[in-house]
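This report describes the strand arrangement, one helix and the nonpolar core of the model shown below.

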Amino acid sequence: MDLSVRIGNKLLPNPVGVASGTFGYGSEYEDLIDISRLGAIYTKAVTIKPRPGNDIPRIVETPSGIINSIGLANVGVDKFISEKVPHLAQLPCAIIANVAGSTEDEYAEVTKKLESSESLWGYEINISCPNVKCGGMSFGTDPSQVEKLTSRLRALTKRPLIIKLTPNVTDITVIAKAAQNGGADAVSCINTLVGMVIDTKKKTPVLQMKTGGLSGPAIRPVGVAMTYRVKRAVSIPVIGMGGIMTADDAIQYLLAGASAVQIGTGTFIDPRIPSQVLDGIVEYCKREGFESVKAINEVLQ
Ligand SMILES: Cc1cc2nc3c(=O)[nH]c(=O)nc-3n(C[C@H](O)[C@H](O)[C@H](O)COP(=O)(O)O)c2cc1C
């Protein structure tokens, strides 16, 4: 059975990856699961400078999900290249660096530096970050900024360039088209949804940052719907995520039109979920007579 997924000029060995920010730099899970079963590891966001992240509490549980306001805590691009990439390069799966920034120049600088690391498979660009030069409005909410940023990064690399869409917009298809126009090889969706929990005794928000990003099963129907709509708006591959816990959840995304999926919050509950999801997709294909994962995409109109 053909499990491979083409993104730009490269193939992922299978459609099941682990989502940025939920799998560290790979080494954290190495002793727990067989990493070679993963189609890809999307790394924690990499920024130009190291970031300690936001003050605690920065994670709160909600019904069927969690809200995080980690604040892109990471070691910074230089340490990422010198300390994390050499180990990531030994892992038997595609390594996709998740890139974040607070100006277009920062995204470009990080990408330029990462180009020196031969073992990176490609980039996923997190456009849910506030643009400090545009009054803190998220890059991902403005189609003209998305197109401009994408074409700037496109000029810097031949590696697969995936733009990760935020669901916190009026019409996600407009943003997806802007990414395609800028030269993206794929879009991934969705990032987290803005959420808030208030402690009624203390009468204050639980998270230090007040609001954060909701992930987990609570957002799955939103992710599936957005994947479905985005797939019908663009001709490049869509990578779906949000609340995948089982193979059936992932198959919903594949039927909606996703070429590949990512699992985030699920791995916090059970790191074996990505491998179980892959097995379940293969079983589904055999049972339903699909010769490739791609064939699943073509069923639903
Ligand atoms: C703790 C945490 C940290 C995250 N950090 C990042 C990040 O650095 N970059 C990014 O693009 N997405 C980040 N995300 C979003 C996830 O990659 C994913 O888009 C989202 O959680 C939805 O998938 P899920 O419901 O399977 O977790 C983070 C999510 C969580 C829960």
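Eight strands, paired in parallel, close into a barrel in the order β3-β4-β7-β8-β11-β12-β17-β18. Strands are DSSP runs of E with at least two residues, helices are runs of H or I with at least four, and both are numbered from the N terminus. Two strands count as paired if DSSP finds at least two bridges between them. From one strand of the barrel to the next, the twist averages 25°; axes are lines fitted to C-alpha atoms, and angles run from 0 to 180 degrees between N-to-C directions.

The model is predicted: local features need pLDDT of at least 70 and side-chain atom pairs count only at pLDDT 80 or more, while totals for chains, interfaces and linings use all residues. Residues are numbered from 1 along each chain as its sequence is written.

Apart from the barrel there is an open sheet of four strands, with antiparallel pairing in the order β5-β6-β16-β13. Strands β5 (59-62) and β13 (193-196) each have a single partner, so one side of each is left without a neighbour in the sheet. Here the twist averages 40° from one strand to the next. One strand pair from each assembly is listed below.

| Strand pair | Sense | Bridges | Residues opposite each other |
|---|---|---|---|
| β4 (residues 40-42) and β7 (residues 94-99) | parallel | three | Tyr42 and Ile96 |
| β6 (residues 65-68) and β16 (residues 211-215) | antiparallel | three | Asn68 and Gly213 |

Helix α5 (residues 220-231) has 12 residues, which at 1.5 Å a residue should span 16 Å, and the 16 Å between its end C-alpha atoms agrees with this. The expected span is 1.5 Å times one less than the number of residues. Its buried residues are Arg220, Gly223, Val224, Met226, Thr227, Val230 and Lys231; buried means that 20 or more other C-beta atoms, placed from the backbone, lie within 10 Å of the residue's own. Viewed down the axis of α5, these residues fall within an arc of 165°, so they line one face of the helix. The arc is taken over the directions from the helix axis to the C-beta atoms. Their cover includes α4 (172-181), β12 (186-189), β17 (238-241) and α6 (247-256).

The largest nonpolar core has 85 residues, of which Ile162, Val187, Ala250 and Val261 touch the most other members. Such a core is a set of buried Ala, Val, Leu, Ile, Met, Phe, Trp, Tyr and Cys residues joined through C-beta atoms within 7 Å. Helix α6 supplies its largest share, six residues. Beyond its neighbours within four places in sequence, Ala250 is in contact with Val16, Ile244, Val261, Val277 and Ile281, contact meaning C-beta atoms, placed from the backbone, within 7 Å.

Methods. A residue is buried if 20 or more other C-beta atoms lie within 10 Å of its own, exposed if 12 or fewer, and partly exposed in between; C-beta atoms are placed from the backbone. Two residues are in contact if their C-beta atoms, placed from the backbone, lie within 7 Å.
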